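Before going to the bench, it helps to read a model slowly, one region at a time. Please look over the sequence and the structure below.

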Amino acid sequence: MKADQYRQMIAGVLGNDLIYFYWKGRVALYALLKAMKVAPGDEVIVPGFTCVVVSNAIKYTGARPVYVDVEKDTMNPAPESFYRAVTGKTKVVLVQNTFGLSTAVDEISAFARAQNIFTIEDCTHGFGGLFKGKPNGSYCDAAFFSTQWNKPFSTGIGGFASVNNHELIPGLEKVNRDLIHPSLKDRMVLAMLLFSRDHILTDSNYWTLRSLYRFLSRNDLVIGSSQGGELTGTEMPPGYFKSISGVQVKKGIRSLGDFAALLERRKENGGIYTRLLADHGKYHVGWKLHPDHCFLKYPALVKNRDDFEEKARKKKIELGDWFCSPVYPVRNNWELWDLDPAKIPNALYLSEHIVNFPAETQYPEKVVKFAEKFMDEIL
Ligand SMILES: Cc1ncc(COP(=O)(O)O)c(C=O)c1O
């Protein structure tokens with residue numbers, strides 16, 4: 001019952017009610033790849049500026065991720081870069097809403113369809129945003145979304161797939177029969193984390209509790225965004241293919257109630273940051289991308305990230321470091337994920353210099369004041 005209500009609320013934003021829920025966004029991606037019958041010997045083309053869990057989901061099927069470089073202005077690959085990477089083994093092209101930004105999704109999906117190649121849109125950053133006036137997730141065979149802590153709306157952890165190509169449905173429903181149910185412990189720990197975030201977290205204990213949560217989740221002591229092994233190897237961790245829980249559904253319904261206001265704030269803050277950076281002749285998100293964009297985080301580039309982050313920390317400004325690696329957050333052993341950094345020079349440059357201004361903040365003026373003070377350090 002509740003799941004239906006949740007589905008209809010999401011459908012109200014996406015204009016599509018073929019929604020399938022999972023424990024995390026990466027699980028939705030894995031299910032879609034399996035429904036597309038991606039298998040050993042196949043290639044999946046992905047932007048070389050992504051999250052390692054995307055590469056992992058591909059590796060778990062036995063297929064190989066093939067990375068293409070991104071353009072600096074959109075932080076996504078140009079369509080031609082995808083086209084050049086296609087081989088006889090290409091089974092899927094995956095496009096991404098990087099920080100919410102997307103490029104040529106219509107062209108890329110039409111090109112792939114003509115070659116019998118599936119397309120998936122990674123909308124984990126893009127729920128609520130648009131591309132050419134249509135909701136993100138509308139153009140490809142399927143899309144997947146994340147509702148993890150820092151995503152457009154949050155259920156703690158969580159995710160879902162939306163399907164546009166109806167031919168995929170029987171396969172997806174068959175794959176979903178293998179989903180395992182979250183255990184009582186999973187549900188209780190998640191409920192406790194959500195309670196802590198809503199009722200215990202305050203401005204004054206935020207930094208301490210954030211460090212504690214990161215430490216505990218890195219060591220697999222609480223449910224984290226990633227289990228330790230996901231960042232060090234390409235074996236599927238136990239309990240990975242998990243369905244959604246009632247805790248997440250209830251939280252999703254509550255979170256979506258506030259979503260419109262949150263989206264508005266993100267858009268406004270995006271405009272404030274662009275004006276500031278553009279006025280100073282710095283790297284910024286082009287104005288033409290603003291009307292559609294949902295601004296999950298605001299990407300800025302700095303000369304020395306460690307130094308800039310340290311200064312921000314002292315001022316209690318939370319800067320993100322997404323994607324400080326082309327396969328975020330993994331900083332080494334990239335060959336395990338089949339990544340050759342020499343092939344993605346732009347992504348490498350961006351990953352060395354990127355910081356993320358908070359899009360959700362109620363105090364953008366604090367960020368502006370800080371950025372103005374250290375403007376010389378911004379590229
Ligand atoms: C680009 C991208 N794709 C996929 C994911 C996976 O989402 P989830 O954490 O819900 O599995 C993330 C996670 O942060 C991401 O940044």
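The questions and answers that follow concern a predicted model, and they go from the ligand to the sheet and then to the backbone.

Q: Which residues around the ligand come nearest?
A: The shell around the ligand holds 15 residues, a residue being counted if one of its heavy atoms lies within 4 Å. Of these 15 residues, the ones that come nearest are Gly-25, Arg-26, Asp-122, Ser-146 and Lys-151.

Q: How much of the area that the ligand exposes when taken alone does the protein bury?
A: Polar contacts are found at several places: an oxygen atom of the ligand lies 2.8 Å from a polar backbone atom of Gly-25, and an oxygen atom of the ligand is 2.6 Å from a side-chain N or O atom of Arg-26. A polar atom in the side chain of Ser-146 is 2.6 Å from an oxygen atom of the ligand. Taken alone, the ligand exposes 380 Å², and the share of this area that the protein buries is 95%.

Q: Which elements give two or more residues to the shell around the ligand?
A: By class, that shell has four charged, six polar and five nonpolar residues. The elements that contribute two or more residues to the shell are α2 (25–35), α3 (52–60) and β9 (142–146).

Q: What are the edge strands of the open sheet?
A: Seven strands make up this sheet, with mixed pairing, in the order β1-β10-β9-β6-β5-β2-β4. On average, neighbouring strands of the sheet are turned by 25 degrees against each other when direction is ignored. An edge strand pairs on one side only, and the strands for which this holds are β1 (19–22) and β4 (64–68).

Q: Which residue in β9 does Ile-120 stand opposite?
A: Strand β6, which covers residues 118–122, pairs with β9 over three bridges, and the sense of this pairing is parallel. Within β9, the residue that stands opposite Ile-120 is Ala-142.

Q: What angle does the direction of helix α1 make with that of β1?
A: Helix α1 (residues 2–14) packs on the sheet, where it touches β1, β9 and β10 (159–163). Helix α3, for its part, lies across β2 (43–47), β4, β5 (90–96) and β6, and runs at about 145 degrees to β4. For α1 and β1, the angle between the directions is about 120 degrees.

Q: Where is Pro-329 found, the residue joined to Tyr-328 by a cis peptide bond?
A: A cis peptide bond joins Trp-322 and Phe-323, with omega about -25 degrees, and Phe-323 has its place in the loop between α11 (305–314) and β12 (327–328). The peptide bond from Tyr-328 to Pro-329 is cis as well, with omega near 0 degrees. Pro-329 is located in the loop between β12 and α12 (345–353).

Q: What is the value of phi of Met-75?
A: Met-75 is in the loop between β4 and α4 (79–85). Its phi is positive, although the residue is other than glycine, and the value is near 60 degrees.

Key
Residues are numbered from 1 along each chain as its sequence is written. This is a predicted model: local features need pLDDT of at least 70, side-chain atom pairs count only at pLDDT 80 or more; totals for chains, interfaces and linings use all residues. Side-chain values use heavy atoms; hydrogens and water are left out. A polar contact is a pair of N or O atoms within 3.5 Å; within protein, one must be able to donate a hydrogen and the other to accept it, and residues adjacent in sequence count only if both atoms are side-chain atoms. Accessible areas come from the Shrake-Rupley method with a 1.4 Å probe; for residues, only the protein chains shown count as cover. Helices (H or I, at least four residues) and strands (E, at least two) are DSSP runs, numbered from the N terminus. Ala, Val, Leu, Ile, Met, Phe, Trp, Tyr, Cys and Pro count as nonpolar, Asp, Glu, Lys and Arg as charged, and the others, Gly among them, as polar. Two strands pair if DSSP finds at least two bridges between them. Axes are lines fitted to C-alpha atoms, for helices over the stretch in contact, and angles run from 0 to 180 degrees between N-to-C directions. Contact means heavy atoms within 4.5 Å.
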